[in-house]
Amino acid sequence: MMDKVLVVDDDLGIQKQLKWALSEFDTVFAADRSSAIAQLRRFEPTVVTLDLGLPPDPANASEGLKTLQEIMALSPHTKVIVVTGNNEKENALKAISMGAYDFYQKPIDSDTINILIKRALNLAELESENRLLSTSNSSMGRIIGNSDAIQAISRKAEKIALTDITALLLGESGTGKEVFARSIHEHSNRKTKPFVAINCASIPENLLESELFGYEKGAFTGANKTTLGKIETAQGGTLFLDEIGDMPLGLQAKMLRFLQERVIERVGGRSEIPVDIRVVCATHRDLQGMVKEENFREDLYYRVGEIVISIPPLRERDDDVVLLARTFLNQYKEEYGTKTKGFSDEAVEAMLNHPWPGNIRELQNKLKSAVVLAEGTVITADDLGLISKAKESEPMVLNLREVRELAESKAIRRAYHQSEQNISKTAELLGVTRPTLYSLIEKYHLDDLKAST
């Protein structure tokens, strides 16, 4: 999509010159104040070039300055470049003080005016992204998102950050559980102390105990010196136990004792060591189901889940995918030194319609690849490896029953996450009774919700 530029000038010769000179932009024209304001309202241009000498008083700048004043009142983020005569520096400076972005003296040079407009467009884009980011839950720093679901759990995370209560983060792989854990730590009274993370699924079962609790010299073959475990190295700070659902059953008893007593014993040791840390756990597994199947200790489940935060998958976060994509794009284009500056409309549509089974991690991977491999400055759906919704080969769902079922399933999931996995609140939010909600969960085979009811 071409950037929209409004040219305000009553000289038809200059209009024709600029129409040719600004061919790479979507340019519209106005010849006086009233038509300029009408075009501003209709087209919402990002940049306006404004000749201060407008009718009915083209010999002076009064009408042009009034036009500038109205533009800034109606659209304060619009970048206005005022065009003046050679002897009108005072008026140009006055326009700048009124909010104009820059000024340019006649005669018009095509290359110069193009450079000014491109600079104004780049600045407008950066300011727009910064405004968007500033509204995306700045209270929790690392957490980016404007959707109701993410805002609700961000407020919950903010409330528990200043306590030492043990939190359990639930969510699919790639939803950002460690980001939440780090944000909780950074907003706690322990933020100056270590944040130590360990993935229980990535370490062999026979090594996990020594990794967590440490070991004494001579405890086993190869133990040449006493070594602190992850728990001790987190002293005073926060320990993040990722994928705690993969912790071996035999080790769970020792972990339960540590959480209850806040003391540990190193492997091969006999003395108790007091530890003062905050614990945050995470898993993509159904711990309640594992408890029923006796694959996870019930007493440990209630100990690690004093507060449960369920992080929604990316597909249930409305337009957050676009906000996240723009954030990562700015990060990666700096990291890889590329000139990519945004997304095509087709790319945005494709991102909004993609199911994102890999969640935020998948989005990051696709964006890294697109930033490096994109041919132009705008990333397309093909650069992201996504298919636009408009592809004719995709059949459109017209059956009203199917449409209704899809819409109801999506609404139930969103209400469930917004209600923080509370079935009563979910039913209230949806405007149905609990029995009706149970029936809908069963009808639409929402197995992950069914497991928590």
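A crossing of two helices is called right-handed if the near helix is turned clockwise from the far one by less than a right angle. With that in hand, here are some close-ups of this predicted model.

**View 1. Helix 17 and helix 18 cross in the right-handed sense.** Helix 17 covers residues 400-418 and helix 18 covers residues 423-430. Their axes come within 8 Å and cross at roughly 125 degrees. An angle that is neither under 35, nor over 145, nor from 65 to 115 degrees counts as oblique, and helix 17 and helix 18 are therefore oblique to each other. On the helix 17 side, look for Ala411, Ile412, Ala415, Tyr416 and Gln418. They meet Ile423, Thr426, Leu429 and Leu430 of helix 18. Sorted by class, this contact holds seven nonpolar residues and two polar ones, with no charged residue.

**View 2. Helix 13 meets helix 14, again in a right-handed crossing.** Here the partners are residues 320-336 for helix 13 and residues 345-353 for helix 14. The two axes come within 9 Å, with a crossing angle of roughly 125 degrees. Helix 13 and helix 14 are therefore oblique to each other. Val321, Val322 and Ala325 are the contact residues from helix 13, while helix 14 brings Val348, Met351 and Leu352. All six residues of this contact are nonpolar, so you will find no polar and no charged residue in it.

**View 3. Five strands form an open sheet with parallel pairing.** Reading across the sheet, the strand order is 7-8-11-6-12. Strand 7 (195-199) and strand 12 (307-310) are the edge strands, and each of them pairs on one side only. Neighbouring strands in this sheet are turned against each other by 20 degrees on average, with direction ignored.

**View 4. Strand 6 and strand 11 run side by side as a parallel pair.** Which residues make up these two strands, and how many bridges join them? Strand 6 spans residues 167-170, strand 11 spans residues 278-283, and four bridges link the pair. To find your place, start at Ala167, whose bridge partner in strand 11 is Val280.

**View 5. A cis peptide bond links Pro55 to Pro56.** Omega for this bond is near 15 degrees. Pro56 sits in the loop that connects strand 3 (47-51) with helix 3 (62-74).

**View 6. Lys106 and Pro107 are also joined by a cis peptide bond.** In this case omega is about 5 degrees. Pro107 belongs to the loop between strand 5 (102-105) and helix 5 (110-134).

**View 7. Trp356 has a positive phi although it is not a glycine.** Its phi is near 50 degrees. Trp356 is part of the loop between helix 14 and helix 15 (359-373). Is Trp356 buried or exposed? Residues under 20% relative accessible area count as buried, and Trp356 has a relative accessible area of 1%, so it is buried.

**View 8. Asn359 is a residue other than glycine with a positive phi.** The phi value of Asn359 is near 60 degrees. This residue is found in helix 15. Asn359 has 0% relative accessibility, and it therefore counts as buried.

Notes. Residues are numbered from 1 along each chain as its sequence is written. This is a predicted model: local features need pLDDT of at least 70, side-chain atom pairs count only at pLDDT 80 or more; totals for chains, interfaces and linings use all residues. Side-chain values use heavy atoms; hydrogens and water are left out. Axes are lines fitted to C-alpha atoms, for helices over the stretch in contact, and angles run from 0 to 180 degrees between N-to-C directions. Contact means heavy atoms within 4.5 Å. Two strands pair if DSSP finds at least two bridges between them. Buried means under 20% relative accessible area, exposed over 50%, partly exposed in between (1.4 Å probe, protein chains only).
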